[in-house]
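Visitor: Could you take me through one part of this model at close range, and then show me what lies around it? I would like one connected account.

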Amino acid sequence: MSYAATHDQHDDHHGAPKGFFQRWCMSTNHKDIGTLYLIFALTMFFIGGSFAMAIRAELFRPGMQLMQPYFFNEMTTLHALVMIFGAVMPAFVGLGNWMIPMMIGAPDMALPRMNNLSFWILPFAFTLLLSTLFMPGGGPAGGWTMLPPLSLQTGSLAYTVFAIHLMGISSIMGAINIIATILNLRAPGMELLKMPVFVWSWLITAFLLIAVMPVLAGAVTMLLTDKYFGTSFFNAAGGGDPVLYQHIFWFFGHPEVYIMILPAFGIISEVIPTFARKPIFGYKAMVFAIASIAFLSFIVWAHHMFTVGLPLGAEIFFMYATMLIAVPTGVKVFNWVATMWGSSMTFETPMLFAIAFVILFTIGGFSGLMLALVPADFQYHDTYFVVAHFHYVLVTGAIFAIISATYYWLPKWTGNMYSEFWGKMHFWNSVIWVNVLFFPQHFLGLAGMPRRIPDYNVAFASFNMVSSIGGFLFGASQLIFLGVIIHAAFFSKNKATDRVWEGAKGLEWTVPSPAPYHTFDVPPVIHDDELAHGNVHA
Amino acid sequence: MTQQKTDHDIGNRGKGVRLTVTILASLAVAFFLLSFLQIVAMK
């Protein structure tokens, strides 16, 4: 039985396994697997970030100075693939692995061995993907969306597709594990509508993953068969249509971007109430808003395809559906602000990143609303306006939420307080330079600079230079984050209390810091007033 | 404070996990096949 499976044959109730291989390669512990995911995600963040530095270095001045165009295209393609599938998604899975069992009073995930497999697939998949850079013909260079027929011309397509299949399998298994855990392993008394918002956000995100990762697998399988097995799914000469790929890809792709932001919403809904010392405003509305956003995300995919020649009726439908998503999102933003309104706020580093999220994600949302308007999108599509939009929602959105969560929960994981001075240094450098990096890109897009180009018209030179300077400094400031984490994990003498933060509520704060290897082996008694949302009545 | 868990509880949880996994894995396969069926729908 899966629950009994957490009780190994060996006596591990006294702590972690002794051998390095046994502990880290054969782990069945949600905390260790969470740590593995987070270290992997941080590593991939720096690798993907180095690709971004290469991109911004080449775009610093007009003309080709540093690299061949094909290499630049490999950089843009792999920057996206690494950041999306290697940094953001694994970071959220790592946070989920660490925190969900503790938040619901469960001893571990429902399927601990599958949890381990889900993680260890990823280093293999990314080694494969990054190794394509060194293969004859080079790595994927047609953009992370892999649109045919361009993507079919890449020599290493088979390796890229295999790597993506592996990442998809990892995500699907992880999502099954999360749903099985949340639905079956909650401590008695932990009702669904008493769970932390972060747990709700992951429950809903997991359903999205199960629905759409298989669709990506289907799309890239069809690319594979078109290239190697003589099919014509996307080849007009054989009776197919390249636009068909776009439909299938974006049917995955749009829910995918919500997969990358819903757990972030959950994190912000944990951090803000703690540092405002006030329960989240409108808990049920927050949960229903996440569910609404997830549902609506399935019916907006063609807003990525407004310029391919869709029928007018389709364009109008997708325009209105896309605008509709702004409503539950707006509910969430208003509720975060209402939570802070009239509260006793303090501004520790997690709270700083959370507040920056609320403001800057909203800016990203506004540019998204502009892109939703079909006639406007005919000008913005495939320009830097789109690049600015998605970097605001992903960098100042998802990444800032991940950083906020790391600062928030690091004392629980390590037992040590991080340096608040260096945390604030990281924050202020990040928030200033990220805006220097991405805000000018709105204007570049409006002025007509296309995406995915290694060289550009001299008219775009000055804003590109500003953006690149912002990029280099934003990248450098992430090294502060690395230093803070290493110091907190290994060198900090400042011990954390169990509760860590004065306003923190929830089961995870009732266990010691650092959290013991095994927690809630026996289910806790749930006291409603100890929970953040324990007093919500039906 | 803790609550006792019985073999009955453990058994029920195991059954619940198995059912959840079966349903979700079937959903994943269904969506994979759906992506190919889209071709028929788009024609």
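Guide: Happily; here is a walk that begins at a helix pair and moves outward from there. Please keep in mind that this is a predicted model.

Let us begin with helix 9 of chain A, residues 262-276, and its partner, helix 14 of chain A, residues 384-414. Their axes lie 9 Å apart and the helices pack at an angle of about 45°. Because of that angle, helix 9 of chain A is oblique to helix 14 of chain A. The crossing of helix 9 of chain A past helix 14 of chain A is left-handed. From helix 9 of chain A, the contact takes Ala264(A), Ile267(A), Ile268(A) and Val271(A). Facing them in helix 14 of chain A are Gly397(A), Ala398(A), Ala401(A), Ser404(A), Ala405(A) and Tyr408(A). Sorted by class, this contact has 8 nonpolar residues, 2 polar ones and no charged residues.

One of these residues leads us further in. Ile268(A) belongs to the largest nonpolar core, a set of 172 residues, and is among the members that touch the most others. Val88(A), Val199(A), Ala219(A) and Ile290(A) are also in that group. As a general background, nonpolar side chains in soluble globular proteins tend to be buried together.

Now follow the chain out of helix 9 of chain A. Arg277(A) sits in the loop between helix 9 and helix 10 of chain A, the latter spanning 283-296. Its backbone deserves a look: phi of Arg277(A) is near 55°, a positive value in a residue that is not glycine. For context, most residues other than glycine have a negative phi. Arg277(A) counts as partly exposed, because 15 other C-beta atoms lie within 10 Å.

Arg277(A) also has a contact from another loop, since Ser343(A) touches Ala276(A), Arg277(A) and Lys278(A), leaving aside neighbours within four places in sequence. Ser343(A) is found in the loop between helix 11 (312-340) and helix 12 (349-372) of chain A. Like its partner, Ser343(A) is partly exposed, here with 17 other C-beta atoms within 10 Å. Between the C-alpha atoms of Ser343(A) and Ala87(A) there are 34 Å, and 256 residues separate the two along the chain.

A positive phi turns up at Met146(A) too, again near 55°. Met146(A) lies in the loop between helix 5 and helix 6 of chain A. Here the surroundings are buried rather than partly exposed: Met146(A) has 23 C-beta neighbours inside 10 Å and so counts as buried. That loop, between helix 5 (112-131) and helix 6 (157-184) of chain A, also holds Pro149(A). Pro148(A) and Pro149(A) are joined by a cis peptide bond, with omega about 0°. Another cis peptide bond, also with omega about 0°, links Ser513(A) to Pro514(A). Pro514(A) is placed in the segment after helix 16 (461-491) of chain A.

Finally, return to the core and Ala219(A), which takes us across to the other chain. Apart from residues up to four places away in sequence, Ala219(A) touches Tyr245(A), Ile248(A), Phe249(A), Phe252(A) and Ser35(B). The contact between the chains takes 28 residues from chain A and 24 residues from chain B. On the chain B side there are 14 nonpolar, 8 polar and 2 charged residues. Chain B has 43 residues, of which 19% count as buried, and its secondary structure comes to 1 helix and 0 strands.

Terms used
Residues numbered from 1 in each chain as written. Chains lettered and ligands numbered in written order. Predicted model: local features only at pLDDT ≥ 70, side-chain atom pairs only at ≥ 80, totals over all residues. Core = buried A, V, L, I, M, F, W, Y, C linked by C-beta atoms within 7 Å. Buried ≥ 20, exposed ≤ 12 C-beta atoms within 10 Å, placed from the backbone. Contact = placed C-beta atoms within 7 Å. Nonpolar A, V, L, I, M, F, W, Y, C, P; charged D, E, K, R; others polar. Helix = DSSP H or I, 4+ residues; strand = E, 2+ residues; numbered from the N terminus. Axes fitted to C-alpha atoms, helices over the stretch in contact; angles between N-to-C directions. Parallel < 35°, antiparallel > 145°, perpendicular 65-115°, else oblique. Left-handed = near helix turned anticlockwise from the far one by under 90°.
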